Amino acid sequence: MNDPVLSYRPKRSDRLIQCVAASGMIRVVLIDGTNLVKEARRVHGLSRVATAALGRQLMMTAIMAADLKGCDDLISTVIKGDGPAGTMICTGNSRVEVKGSVLNGDVELPPTPEGKLDVGGFVGHNGKLSVIRDMGLKEPYTGLCNLVSGEIAIDFANYYAASLQRPALVYLGVREDAKNGNVRAAAGIFAEPLPGCPDEEIDRLQSLSEPIAGLSERMDAGETLDSFLMRVFEPLKIEKVGECEPKYVCDCTRQRVERALISLGRAEMNDMIEQDHGAEVSCRFCDRIYHFTQEELERLLESATTKKDETK
Ligand SMILES: [Zn+2]
């Protein structure tokens, strides 16, 4: 007999918890991004492997966004691997609103011999990871490193070690239903020792990597982020210092799409006017479609040209 009550799972809000451990010498961030990853899958109609890949990147971007100081600061992470995924981009703001896109999100791959989703094969084992911090200055700060596996968590850990000279522990996990691909749990942990952290505390942190790797499985089994935090990090004397709800939000507007159209240049806009007699532009982060008629494109091109003349 199929008892529907048995499959009932209460809906939990996503959470991002910021903590300090080892008397302030280690910074720890935990995220329950289950709804976030579900929303990315729904918006883009992602395959299973693409859900896991973009889900991991979105959660890491949320963790990095939670560390932004200025309210208008933005962080973007870009993964360009040699796998079928194509470019993957995620952006987050200081309110921990994130959005993401993957070029070929409908590509599915067979599981690995161990029966896992082949995220590394999807992203590619070679390529680049870049992190762009836009803090409202003239030039955004960009950090760049090579991918080491395409599994994403290890690539971000390598980014901290290689590009920022900071040894960090990164875990990102997305669990999906084997039958229908629904996201059952998505969670992540980032931990970094701060300068001057004693070696024995770093060793203690390293010794937690095994239980940490079980986070999404534990959450799938019903454990809360708080209980996991207190249970696993107890030896490091962890304390919560902040909490927020990460969300999947796309802030695209018609005005922004107009600016993007203008930035394509006169030749490309003329093609749209003369050959296509209009344009349909879809936002890469939310797949919303913006329609432009021939007349609207002509007006846009005209106003862009006048503005340029005025600044001469
Ligand atoms: Zn959008």
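Colleague: Which strands does helix 4 lie across?
Modeller: Helix 4, residues 153-163, lies across strand 8 and strand 9 (183-193), and runs at about 165° to strand 8. Helices (H or I, at least four residues) and strands (E, at least two) are DSSP runs, numbered from the N terminus. Angles run from 0 to 180 degrees between N-to-C directions, with axes fitted to C-alpha atoms, for helices over the stretch in contact. Contact means C-beta atoms, placed from the backbone, within 7 Å.

Colleague: Before we go on, what kind of model is this?
Modeller: The model is predicted: local features need pLDDT of at least 70 and side-chain atom pairs count only at pLDDT 80 or more, while totals for chains, interfaces and linings use all residues. Residues are numbered from 1 along each chain as its sequence is written.

Colleague: OK, the five-strand sheet. What order are the strands in?
Modeller: The order is 8-9-2-1-10, in an open sheet with antiparallel pairing. Two strands pair if DSSP finds at least two bridges between them.

Colleague: Which strands stand at the edges there?
Modeller: Strand 8 (169-176) and strand 10 (239-244) do. Each has a single partner strand, so one side of each is left without a neighbour in the sheet. Ignoring direction, neighbouring strands of this sheet are turned by 15° against each other on average.

Colleague: How many bridges join strand 1 to strand 10?
Modeller: Five, and the two strands run antiparallel; strand 1 covers residues 15-21. In one of those pairings, Val20 has Glu239 of strand 10 as its bridge partner.

Colleague: And the six-strand sheet, what's its order?
Modeller: That open sheet goes 7-6-3-4-5-11, and its pairing is mixed. Strand 7 (141-146) and strand 11 (247-248) are at its edges. Both have a single partner strand, so each has one side without a neighbour in the sheet.

Colleague: How many bridges are there between strand 6 and strand 7?
Modeller: Six, with strand 6 (residues 127-134) and strand 7 pairing in the antiparallel sense. Ser130 stands opposite Leu144 of strand 7.

Colleague: Which strands does helix 2 lie across?
Modeller: Strand 3 (74-81), strand 4 (88-93) and strand 5. Helix 2 runs at about 30° to strand 4. Helix 4 packs on this sheet as well, touching strand 6 and strand 7, and its direction makes about 115° with that of strand 7.

Colleague: Switching to helices. At what angle do helix 1 and helix 2 pack?
Modeller: About 130°, with the axes 9 Å apart; helix 2 spans residues 48-65.

Colleague: Which residues make the contact?
Modeller: Helix 1 brings Leu36, Val37, Ala40 and Arg41. From helix 2 come Thr51, Leu54, Gly55, Leu58 and Met59.

Colleague: Last topic. Into which domains is the chain divided?
Modeller: Domain 1 is 12-248 and domain 2 is 254-306, with bounds from an automatic or database domain assignment. Their centres, taken over C-alpha atoms, are separated by 35 Å.

Colleague: How many residues does the contact take from domain 1 and domain 2?
Modeller: Five residues from domain 1 and four residues from domain 2.

Colleague: And which elements supply the side of domain 1 that touches domain 2?
Modeller: Helix 1 (34-44) and strand 5 (97-102) supply at least two residues each. Strand 5 gives the largest share, three residues.

Terms used: Contact = placed C-beta atoms within 7 Å.
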